[in-house]
Amino acid sequence: MPSYVGAIDQGSTSTRFIIFDRAGKIIAQAQREHEQIYPRPGFVEHDASEIWRNTRLVITEALSQAGVVPGNLAAIGITNQRETTLLWDGRKGAPLHNALVWQDTRTDTLVAQFAKDGGKDRLRDKTGLPLTTYFSSLKLKWLIDNVPGAGAAAEEGNALFGTIDSWLVWNLTGGVNGGRHITDVTNASRTQLMDLRTLEWDQAILDLFGIPRACLPEIVSSSEQFGIAGEPLAGVPICGILGDQQAALFGQACLQPGEAKNTYGTGCFLLMNTGETPYPSTHGLLTTLAYKLGDAPPVYALEGSIAIAGALVQWLRDNLQLIATSAEIETLARSVDDNGDVYIVPAFSGLYAPHWREDARGVVCGLTRFAGRGHIARAALEATAFQTREIIIAMSADSGVPIRELRADGGMVVNDLLMQFQADLLDVEVVRPQVIETTALGAAYAAGLAVGYWASPQDISDNWAVGHRWHPQMGEGRRAQLNAAWDKAVVRSLGWVG
């Protein structure tokens, strides 16, 4: 049997290819960032052609680094930024418009329009999701309505819709020469067009939004053989697809109901496995697909989504030039003893869970002449922990299960100051696994299970190992004081637009 499994990890800011061995250890990896395009306030776009170019480059680089050829890979999996919406010409292979990124808020007027009849939760029973700018449905409607010729091409099936997983699989399996047009259940569950129970596109919702079925991909499971890749992975089976947060849940071995993980990346995403039952949320969370392995029943999750986490550090770096590199944020934050009563609510594209307020915008609160660069840096890090606390409270209320341990992954978990503050704020242990690239690892696991590289999900659990634990050290009085101040800051961010 071939020695390794590969994973394409196509994220919000970069694309990576990582090669794993049977123990889940990284053999080689390569990464390239892509441009963030901001045509207008609230508009966030990516060039899908650039993403596809970068994907080919990082595959070639990682294979070279590892000294292996495609034949050494048993399979590859794909994990991707979710909700980011693309419409491309199936005959020519070119995007009809830049991809609309999950953070994009240009559909806010459409949200208001469709929420007039039945409110923002009118589709929640079927889809598990509220009406908001976040999901793919209204982004696709915007493209169909605003890109010349897109509506007619979509009706004829010549314009193809997909999230980034669909774009990559289509290109890898031949593109205009017979490329397969698919998406897995986890990504489909984020479009707001799929019925959570039937795992099929819902015709009533398609009619509501004026979206032609002909442009939609086929919905498949998360782990099965989808096709054989061409160059630069010629002959390698594509066998796993998971949206990035579901991939992290899978890679963190949260395979039993009640187990939860938080991914600290561009945004912050906390998922709890709820088993084979899709539980509705009454506290501002999302009901979503966790994964589906082949013909096995689907597994569901509750999710809390935070739009801006690591992206706030990038904003301090790129927009304010407060730091030269993202890694400098911890050193700067440690230059002060506390946040100096400064709080940043990073509602750059509204507030996601549990608030779901498109009218919110970012605020910095509590400034005095005492406040300096270090306090701003510390407040930026702490904002991620405060937002996570709000999700934990909602998740415990929805599930009735208090979280006793939080498994953490993503780029920000190397920041010890943030992780300790998170444990302090939650009053529970925060655990970082030995392999923190759990998103790519989850996609690799899904692919490897489909070809028998790993025998069963038990192998995933056996591979998972603790890298570091942070134990709560903060007193209850200080915790309550900080949380109360954060709650006041959130209130000041609301109602800014409109």
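## Buried elements and cysteines in a predicted model

The buried residues of helix H13 are Leu417, Leu418, Met419, Gln420, Phe421, Gln422, Ala423, Asp424, Leu425 and Leu426. The structure described here is a predicted model. Helix H13 spans residues 416-426, and because ten of its eleven residues are buried, the helix is largely enclosed by the rest of the structure. At the start of H13, the backbone nitrogen of Leu417 has a side-chain oxygen of Asn415 within 3.2 Å. After the helix comes Asp427, with a positive phi near 60°.

Helix H10 covers residues 310-318, and its buried residues are Gly310, Ala311, Leu312, Val313 and Leu316. An α-helix has 3.6 residues a turn, so residues three or four places apart point the same way. The buried residues of H10 pack against two helices, H11 (328-333) and H12 (373-399), and against strand E19 (343-345).

Strand E15 runs from residue 260 to residue 264; five of its five residues are buried, so the strand is largely enclosed by the rest of the structure. Ala260, Asn262 and Tyr264 lie on one side of E15, with Lys261 and Thr263 on the other, and both faces are covered. The table sets out the two strands joined to E15 by bridges.

| Strand joined to E15 | Residues | Bridges | Direction | Bridge partners |
|---|---|---|---|---|
| E16 | 268-275 | five | antiparallel | Tyr264 of E15 and Cys268 of E16 |
| E21 | 405-409 | three | parallel | Thr263 of E15 and Asp409 of E21 |

The connection between E15 and E16 is a hairpin of three residues.

Cys268, the bridge partner of Tyr264, also enters the account of the cysteines. A search of the whole structure finds zero disulfides. Cys254 is in no disulfide, and the nearest cysteine sulfur, that of Cys268, is 14 Å away. Cys254 counts as buried because its relative accessibility is 0%. For Cys365, the closest cysteine sulfur is likewise in Cys268. The distance from the sulfur of Cys365 is 20 Å, which is too far for a bond, since a disulfide requires sulfur atoms within 2.5 Å. Cys365 has a relative accessible area of 13% and is therefore buried, the cut-off being under 20%.

Notes: Residues numbered from 1 in each chain as written. Predicted model: local features only at pLDDT ≥ 70, side-chain atom pairs only at ≥ 80, totals over all residues. Heavy atoms only, no water. Buried < 20%, exposed > 50% of the residue type's maximum accessible area, 1.4 Å probe, protein only. Helix = DSSP H or I, 4+ residues; strand = E, 2+ residues; numbered from the N terminus. Contact = heavy atoms within 4.5 Å. Polar contact = N/O pair within 3.5 Å; in protein donor to acceptor, adjacent residues only side chain to side chain. Pairing = 2+ DSSP bridges.
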